[in-house]
Amino acid sequence: MGFGGGSISWGQKLSFGTGHVLNDLCASVWFSYLLVYLQYVLLIPSGLSGIILLIGQIADAVATPLVGILSDHGQCCCIGGQRLCNYGKRKIWHLIGSICVIVSFPLMFVGCMGLCEHSNGIGYLIILIALVCLFQFGWAAAQISHLAMIPELTHVEAERDELNIIRFSFDIITDILVYAIALIIFSQSSHNLSQVTAESGIDFMILALSITGIGIIFTVIFHVGVDEKPIKIERPASIIGTAAVSLKTQWLGWFYNWHFYRVGILYTAARLAHNTSIVFVPLYLQETQQSAEMLALIPLVMNIAGLLGSGLLKITIKLYGKKASYAMASLMGLISCIWLVIDTNLSENAATLDPLLGPPSSDNAQFYLLASMMGGGAAMVVILSLTSAADLIDSNTETSAFVYGCMSFCDKMSSGIVVAVIQGLHSWVCQEGCTYFYAQVLIYGVGIPFVFVIITSLLGPKTQSEQQEARTVKNYGTCRTEEATSLIEYVH
């Protein structure tokens, strides 16, 4: 069965789900271990480490709308006189992005290459930042092109939701795979270290090379198994030749639709809750002097909970609707934050009475349950926000990459700025050491986005007419032709 006809075979769905595995594998290491690697292996100060991550997020943020615009236009390169757009305007950008990721990502974890000792490591920092920017451009190209295929391949809402759930289920499965591999590597390390130190560089290099190899296999499966056949949209003869003008008009039209901003805030808040949790949980574990194995074990538990949550979403959406599902997932995450407040305060008070008790323990069943609720809630709101974005786009598939690009721009910029600010504060406040700094980061940095998710989800359309209005792109200075499948405009 082909795409676009409202009936997608499971083989095609699963092949589509593999298209983001390489990105997901690398993102797990990027968010969970990059700051740990920079701070504890390369011994780069926390403030500078945050700036490096911010530069990468800015590169990603700038690339996402750019790739979205080029992908919507169907722009691509020609090799040997052959126009590669025939391969599929989304798939070609996915291929370009995947190649950039495959080349750059492993090189970020090969160590200083003898450059750290020269010029105070400036040469290595320049190379590292260049690799980070190349990686983030490639990541953005693959992400946006993959997301933009969903509303193009089917305009059946249930199938779009299913594709998003399958896509994110693969994300969580690959996260679990990353942390399982990390657990094996860290636990079998020849250095036999209780914590990550400068001697752990070889472990991170093996991890990066391993997941890149696995990602290449899944990328090949995607490109072989998915034949991009977007929904055909018939245009009246009177507007043939004005497609470029129409496309620009539809881009501008989104900015007159307040639901575009609502879904953008919803998507950004959901991503911020998810990204903050996976970035700072490992740093919290390092701060509280947990073992190196815990750097893999706790994120592993969080992602298993996310996988179980994603499996329940299809049922909860069908029975209770998306608003109730948003509320359930967000409350789960907020409970974990409140729980962490209580646990931290109790541990701090106990340590005041008996300094030998030290920081709160992260190796007991209570903390595993807390981490499960935080990881499960964050994963569920991300999936729901993606389905809301697909619902917003609906049949306006010509601008789908632009919409995802704008939302991803806000997501990447906010995540980068938040991480850089937090790391800058850590460098300033914790010069003599901190015990509970990253605990507070998890409480407020994850809890506040969950509150925004609840508020913005409740502002969504209720009636069928409001839902249709939310999907309508208003185009000013243009005329509308009546078509059942798409919005087609042309300039007077």
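Pro282 is found in helix α9, which spans residues 258-287. The model is a predicted one.

**Pro282 and its surroundings**

Pro282 has a relative accessibility of 1%, so this proline counts as buried. Leaving aside residues up to four places away in sequence, Pro282 touches Ser32, Val36, Ser277 and Leu295. A second proline, Pro299, lies 17 residues from Pro282 in sequence. In space, the two prolines are 7.9 Å apart, C-alpha to C-alpha.

**The nonpolar core**

How many residues does the largest nonpolar core have? The count is 122. Tyr33, Phe105, Met108, Phe109 and Phe280 have the most contacts inside this core. Helix α12, residues 365-393, supplies the largest share of the core, with 16 residues.

Phe105 can be followed further. Its contacts are Cys26, Val29, Phe135, Ala208, Ile211 and Thr212, again without residues up to four places away in sequence.

**Helices α1 and α6**

Helix α1 covers residues 10-17, and helix α6 covers residues 157-187. Their axes come within 8 Å and cross at roughly 50 degrees. That angle makes α1 oblique to α6, because it falls neither under 35 degrees nor in the range 65 to 115. The crossing of α1 and α6 is right-handed.

Which residues meet where α1 and α6 pack? From α1 come Trp10, Lys13, Leu14, Phe16 and Gly17. From α6 come Glu162, Leu163, Ile166 and Phe170.

**Cysteines**

A disulfide is a covalent bond between the sulfur atoms of two cysteines. In this model the disulfide count comes to 0. Cys406 is in no disulfide, and the nearest cysteine sulfur to it belongs to Cys410, 7.3 Å away. Cys410 is likewise in no disulfide, with the sulfur of Cys406 as its nearest, at 7.3 Å. A disulfide needs the two sulfur atoms within 2.5 Å. The sulfur atoms of Cys406 and Cys410 are 7.3 Å apart, so this pair does not count as one.

Are these two cysteines buried or exposed? Cys406 counts as buried, at 16% relative accessibility. Cys410 is partly exposed, with a relative accessible area of 40%.

The table sets out the accessibility of three residues discussed above.

| Residue | Relative accessible area | Class |
|---|---|---|
| Pro282 | 1% | buried |
| Cys406 | 16% | buried |
| Cys410 | 40% | partly exposed |

Conventions: Residues numbered from 1 in each chain as written. Predicted model: local features only at pLDDT ≥ 70, side-chain atom pairs only at ≥ 80, totals over all residues. Heavy atoms only, no water. Core = buried A, V, L, I, M, F, W, Y, C linked by side-chain atoms within 4.5 Å. Buried < 20%, exposed > 50% of the residue type's maximum accessible area, 1.4 Å probe, protein only. Helix = DSSP H or I, 4+ residues; strand = E, 2+ residues; numbered from the N terminus. Contact = heavy atoms within 4.5 Å. Axes fitted to C-alpha atoms, helices over the stretch in contact; angles between N-to-C directions. Parallel < 35°, antiparallel > 145°, perpendicular 65-115°, else oblique. Left-handed = near helix turned anticlockwise from the far one by under 90°.
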